[in-house]
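Opening the notebook on this one. I want to look at how the chains meet, then check a single residue.

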Amino acid sequence: MESFTPNRELSHYQMEMLLPDYVLGKLNPDEMTLFESNLPRYPDLAGEVAEARIVFGKIDKMDLDSKNAYRSRNVSVKVQDNLGHRLKRQQKFRFVARFILPTAALIFMAILVIDSPRFDKSSNNPELAFAAYRMPAIFDPDELYQLFDSEYEENYDLLGDAFDREFDKLELSGAGQDYISTGIISDYYYYDVDESGNYYPLNSINFETKDLDKLDEEIFQQILEEIENVDINS
Amino acid sequence: MNGASLVYESDSEIIRDYCSTGSEKAANAFVRKYQKFVYSVALRYLKNHHDSEDAAQEVFIKALGNLKSFRGDASLSSWLYRITANVCSNMKRKKKLLSFFGESERDDFLNVSSSGPSPEQQLVGKEFEDNFMEVLSGLPVKQRETFAMRYFDELSYNEISEMLGTSVGGLKANYYQAVRKLSVALRNL
């Protein structure tokens, strides 16, 4: 609080600055004496003091301070609860961050590696597309059975020649034919055994996987389209 | 401020204990000492009991989380005041946004007398109290805050100056204006 020279005259503005603290009893004795000695010179301020005393007498009785103390009484309990919950959440998060997230990341990376676009040509894989290409039209099933059951190499050669002939019938146009001639695409034959124990010779188009990298994606898709459009039974 | 600071004699003791051991007792003492102050400031800004209680919680959680960084350049109350003002203005922005989407709450600031078992409640007319709250909330922020901190919180002009960033002379002028407006508005009730 500022120091005042006793009995000096205060301006109207200086009196205004002291008025609230005077009404509410916050002035020190010197300031109070100074204010009271100057008050008679300012009847308007004397009127304000009287008015403010009445109004603030009522405001004091409202005891808002106690009401706020009452209404805020639970804050400390709630803060403690909140901190407790946060601590638990942090512990959970630490567990998740330490164990769950790295595991999930590893699994995710593994999936990415296994299922990367480089290997994701299964849907258009010509081997799969042609895996069901069976050749009963060339051989009688009984004859096939004998051929595959036979240990004689010449029978395999016979089977291979027959398959080669079929492959030659596949007339691919454009890019596909080019790659047949370079050996990137070739025929591939093998056999399978069904549930009843019957042999099934299968023929498929085979890409030399080591050469697949040499193909542009666009050309690859073009070749697939060509192969898929071939009527294999014709 | 609330005198319920348990066994601690000063703020620095509370801060030291909390920062060194994370003591729950220190945290509790800290909150209990300032909960009324923070709640009252929040209520003046937000004019709603529930929001003010939420804001007070958030203020203390932030304050406890940052107590280590409190350097003691200003008083703890002025530091808390600044956090409270920030939290409240954020909440007000959020409320404004929610009310834009049709989710608004009614202010219960004017209904502050509806709870709290004060015996004086019977003596003072509710009409006067409602009017007081209405006039107070209608004052410019600096006048309202200066009045509330000086009258209710009994803070010194220097402390208020630290919190509001206004000169002591400016605060006195604000205080006078607030008292005068309240007197004029409430004199006939």
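**Helix against helix**

I started with a pair of helices from the two chains of this predicted model. The axes of helix H3 (residues 43–62) of chain A and H8(B) come within 9 Å, and I get a crossing angle of roughly 75 degrees. Angles of 65 to 115 degrees count as roughly perpendicular, so that is what I call H3(A) and H8(B).

Which residues meet there? On the H3(A) side I list Glu48(A), Glu51(A), Ala52(A) and Val55(A); they meet Val179(B), Arg180(B), Leu182(B), Ser183(B) and Leu186(B) of H8(B). Sorted by class, the residues of this contact are five nonpolar, one polar and three charged.

**The whole interface**

Next I looked up the full contact between the chains: 40 residues of chain B touch 32 residues of chain A. On the chain B side, the elements giving two or more residues are helix H2 (24–46), helix H3 (49–65), helix H5 (126–138) and helix H8 (168–186). H2(B) supplies the largest share, ten residues. By class I note 20 nonpolar, eleven polar and nine charged residues on this side of chain B.

**One glycine in H8(B)**

Back to helix H8 of chain B, where I picked out Gly170(B). Is Gly170(B) buried, exposed or partly exposed? I find 15 other C-beta atoms within 10 Å, so Gly170(B) goes down as partly exposed; the buried label would need 20 or more, and the exposed one 12 or fewer.

I also checked Gly170(B) against Thr146(B): they sit 24 residues apart along the chain, and their C-alpha atoms are separated by 9.8 Å.

Definitions and conventions
Residues numbered from 1 in each chain as written. Chains lettered and ligands numbered in written order. Predicted model: local features only at pLDDT ≥ 70, side-chain atom pairs only at ≥ 80, totals over all residues. Contact = placed C-beta atoms within 7 Å. Helix = DSSP H or I, 4+ residues; strand = E, 2+ residues; numbered from the N terminus. Nonpolar A, V, L, I, M, F, W, Y, C, P; charged D, E, K, R; others polar. Axes fitted to C-alpha atoms, helices over the stretch in contact; angles between N-to-C directions. Parallel < 35°, antiparallel > 145°, perpendicular 65-115°, else oblique.
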